[in-house]
Amino acid sequence: MDKTPASVTAFLRGRRFAVAGVSRQPAQAANAVFRKLRDAGYEVFPVNPRASEVEGVTCYSDVGSVPGQLDGVVIATAPDVSAQIVRECSAHQVARVWFHRSFGHGSVCEEAVRE
């Protein structure tokens, strides 16, 4: 019996994802999400405006810089940045956004949810 929530299953139907908030420090939560998706066979793109490469992979400065159409974006940033990333997703027709939440509010903020 599959106990994966329907929302997770729907998000993972895509094949091309970006993870916003990856770091040059591999112990960060966003990096773990990036590796998990990559290791599961998804095409995954790291997004961080202050890094040109993360974990040996080209890193993109924003969602719009990632080549091709994305199926979803995992937002694993500070909450004050997440609304801007949601706006980028909207501008680039990214239909699915997932807010990472490891503790506290994680990447969630009211403005980002409204966007």
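**Glu-55**

I started with Glu-55, which comes out as partly exposed at 30% relative accessibility. This is a predicted model, so I kept in mind that local features need pLDDT of at least 70. I found Glu-55 in the loop between β3 and β4. Its phi caught my eye: the value is near 55°, positive in a residue other than glycine. I also noted that Glu-55 is touched by Asn-31, so I went there next.

**Asn-31**

Is Asn-31 buried or exposed? It is buried, because its relative accessible area is 0% and the cut-off for buried is under 20%. Asn-31 belongs to helix α2. Setting aside residues up to four places away in sequence, I listed what Asn-31 touches: Val-22, Ser-23, Gln-25, Pro-26, Val-54 and Glu-55.

**Helix α2**

Since Asn-31 sits in α2, I looked at the rest of that helix, which spans 29-39. Its buried residues are Ala-30, Asn-31, Val-33, Phe-34 and Leu-37. Why do I say they line one face of the helix? Looking down the axis of α2, I see the buried residues fall within an arc of 160°, so they line one face. As a reminder to myself, an α-helix has 3.6 residues a turn, so residues three or four places apart point the same way.

On the face of α2 turned away from the buried side, I noted the exposed residues Lys-36 and Asp-39. What do the buried residues of α2 pack against? I got five strands: β1, β2 (43-47), β3 (53-54), β4 (57-58) and β5 (72-75). Just after α2, I found Gly-41 with a positive phi of about 100°.

**The cores**

Next I pulled up the nonpolar cores. The largest one has 15 residues, and inside it Val-19, Val-22, Leu-37, Val-44 and Val-74 have the most contacts. Both β1 and α2 supply at least two residues each to this core. The largest share, four residues, comes from α2. Apart from this core I found another, of 14 residues, including Ala-20, Val-47, Tyr-60 and Ile-75. For context, nonpolar side chains in soluble globular proteins tend to be buried together.

**Arg-16**

Arg-16 is a residue of strand β1, which covers residues 16-20. I put Arg-16 down as buried, because its relative accessibility is 18% and the cut-off is under 20%. What does the side chain of Arg-16 pair with? A polar contact of 3.0 Å joins it to the side chain of Glu-43. Leaving out neighbours within four places in sequence, I also have Arg-16 in contact with Phe-45, Pro-67, Gly-68, Gln-69, Leu-70, Asp-71 and Gly-72, besides Glu-43.

**Gly-21**

I then moved to the loop between β1 and α2, where Gly-21 lies. Gly-21 is partly exposed, at 26% relative accessible area. How far apart in space are Gly-21 and Pro-46? I get 7.6 Å, C-alpha to C-alpha, for two residues 25 apart in sequence. Not counting residues up to four places away in sequence, Gly-21 touches Ala-30, Val-47, Ala-76 and Thr-77. Ala-30 was already on my list of buried α2 residues, and Val-47 on my list for the 14-residue core.

**Gln-93**

I checked Gln-93 for its backbone too. Gln-93 has a positive phi of about 55° although it is not a glycine. It lies in the loop between α3 (79-91) and β6 (97-99). Gln-93 counts as exposed because its relative accessible area is 57%, and exposed means over 50%.

**Cysteines**

How many disulfides are there? I count zero. I looked at two cysteines for burial: Cys-59 is buried at 8% relative accessibility, and Cys-89 is buried at 1%.

**Whole protein**

Last, I wrote down the overall figures. The protein has four helices and six strands, and from the N terminus on they run α-β-α-β-β-β-β-α-β-α. Of its 115 residues, 38% are buried. I get an accessible surface of about 6,700 Å², with 51% of it belonging to carbon and sulfur atoms. Among contacts between residues at least 6 apart in sequence, 59% join residues at least 24 apart.

Definitions and conventions:
Residues numbered from 1 in each chain as written. Predicted model: local features only at pLDDT ≥ 70, side-chain atom pairs only at ≥ 80, totals over all residues. Heavy atoms only, no water. Buried < 20%, exposed > 50% of the residue type's maximum accessible area, 1.4 Å probe, protein only. Polar contact = N/O pair within 3.5 Å; in protein donor to acceptor, adjacent residues only side chain to side chain. Contact = heavy atoms within 4.5 Å. Core = buried A, V, L, I, M, F, W, Y, C linked by side-chain atoms within 4.5 Å. Disulfide = S-S within 2.5 Å. Arc of directions from axis to C-beta. Areas by Shrake-Rupley, 256 points an atom, 1.4 Å probe, with all protein chains shown as cover.
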